[in-house]
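Thanks for sending this one over. I have put my comments in numbered points so that you can follow them with the model open beside you.

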Amino acid sequence: MSSSARTKRKPLAVTQEAIVFLIFVVAFACFSIFLRGFFTFDNIGSLLQNVAILGILGLAMGLVVIGRGIDLAIVAIMAITMAWSLNLMNMGYLPIVALAAGLALALIIGAIQGFLIAYVEIPAIFATLAMGTVVYGFGRVALVDQDIIYLSGDAGPLQKIGGGTFLDIPVPVWLMCTLALLIFVVLKYTKVGVFIRSMGDNPLRARIAGMPVRPLILLQYVISATIGFLAGLIMAMVVGSMNTRIVVSTMVYDVVLVVVLGGIGLSGGKGGVRNVIVGTLLIGTLLNGMTILDVPYTVQNIIKGLILLVAITADSIVNPRDEQTSQQGDI
């Protein structure tokens, strides 16, 4: 018997990502067969657009979580900065000026969050939760005076882009794929990506190794805020408006859900772009199916909450925190 035959084959590891992807395939197939109105051109287009926006926010959240953080203010940043940009357009400012102002505001908010977490050492979950409330309150008091801000006529070309398709695939999906590829390259092939992953895996070791941990934390939140603004721009292009009330919805929990469900460990340093995409596909499909089934919004929230609890429980089992991890601070 050859040595290769004598060698015992290691069993294939079944990852959370693979399980979630299999559930997505089964759910999509069942909805397509048994749910009238699901597998139609219009509904699949709507599903892809919604998945694109959720996926873009998930990519930002995933990047932060890999670096052992969390950004609960991302939906507030998306809504308020984009609503302010639309408001400036309606006041007569050129679209490029209005968008530049909104982006600058997003960068400032991201930098403040990163500074509070990295240098003041406020736990990320509290800093971003408080910042989300401040951003929403400040935005409604000082920047926008209505719940819904509509896209002005001067910005019509933006809406045409957002509502357009390329090779029969909605433009927002192409934008999400482009962003996913960019983040994949950054995490895998650049020094910044390696440092972020190392910092998330073991912050103390990263600091001892000479990595600029504090600037990296600040950079994470600046990038997250920038992506949040991009998601807001895409949403405004698709629906022609920005509803600031989305801040008080459960959207931020949907974003956390796609990240954790896809397999990115909350303990940091684990996971990547594929995990976010898989989680986004499953949650987007389930939400679309429940909407067609006319499941009450409250019941949908209960189902999403239960899925999130199961995902977090699975994460705590698959990625247990050791003593050193707990000493470095929870998110």
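1. Which residues line the largest cavity? Before the reply, please keep in mind that this is a predicted model. The lining consists of Leu-59, Gly-62, Leu-63, Ile-66, Ile-183, Gly-272, Val-273 and Val-276. The volume enclosed there is about 30 Å³, and the count of cavities of 30 Å³ or more comes to 1.

2. Now for the elements around that cavity. H3 and H13 each supply at least two of the lining residues, and H3 gives the most, with 4 residues. By class, the cavity lining has 6 nonpolar and 2 polar residues, and no charged ones.

3. Next, have a look at the largest pocket, which holds about 700 Å³ of space. Its lining is made up of 24 residues, and those closest to the pocket centre are Asn-50, Ile-246, Met-251, Asp-254 and Leu-287. Two or more lining residues come from each of helix H3 (41-66), helix H11 (213-239), strand S4 (241-243), helix H12 (251-262), helix H13 (273-292) and helix H14 (297-318).

4. Which element provides the largest share of the pocket lining? It is H3, with 5 residues. The pocket lining divides into 11 nonpolar, 10 polar and 3 charged residues. For the cavity, by contrast, the lining has no charged residues.

5. On the surface, you will find a nonpolar patch of about 550 Å², made by Met-91, Tyr-93, Leu-94, Ile-96 and Val-97. Tyr-93 sits in the loop between helix H4 (74-90) and helix H5 (95-118). With a relative accessible area of 42%, Tyr-93 is partly exposed, because that class covers values between the 20% and 50% cut-offs.

6. Two backbone positions deserve a friendly flag. Arg-68 is not a glycine, yet it has a positive phi of about 65°. You can find Arg-68 in the loop between H3 and H4. Is Arg-68 buried or exposed? Its relative accessibility is 13%, so Arg-68 counts as buried, the cut-off being under 20%.

7. The other position is Glu-121, which also has a positive phi of about 65° without being a glycine. Glu-121 is placed in the loop between H5 and helix H6 (124-143). Here the relative accessibility is 53%, so Glu-121 counts as exposed, given that exposed means over 50%.

Technical notes:
Residues numbered from 1 in each chain as written. Predicted model: local features only at pLDDT ≥ 70, side-chain atom pairs only at ≥ 80, totals over all residues. Heavy atoms only, no water. 1 Å grid on protein atoms, 1.4 Å probe; cavity = no way out; pocket = protein on both sides within 12 Å on 5 of 7 lines; lining within 4 Å. Points joined across faces, edges and corners; volume = space filled by probe spheres on them. Nonpolar A, V, L, I, M, F, W, Y, C, P; charged D, E, K, R; others polar. Patch = residues over 30% accessible without salt bridge, like charges linked within 9 Å, V, L, I, M, F, W, Y side chains within 5 Å. Areas by Shrake-Rupley, 256 points an atom, 1.4 Å probe, with all protein chains shown as cover. Salt bridge = Lys/Arg side-chain N within 4 Å of Asp/Glu carboxyl O. Buried < 20%, exposed > 50% of the residue type's maximum accessible area, 1.4 Å probe, protein only.
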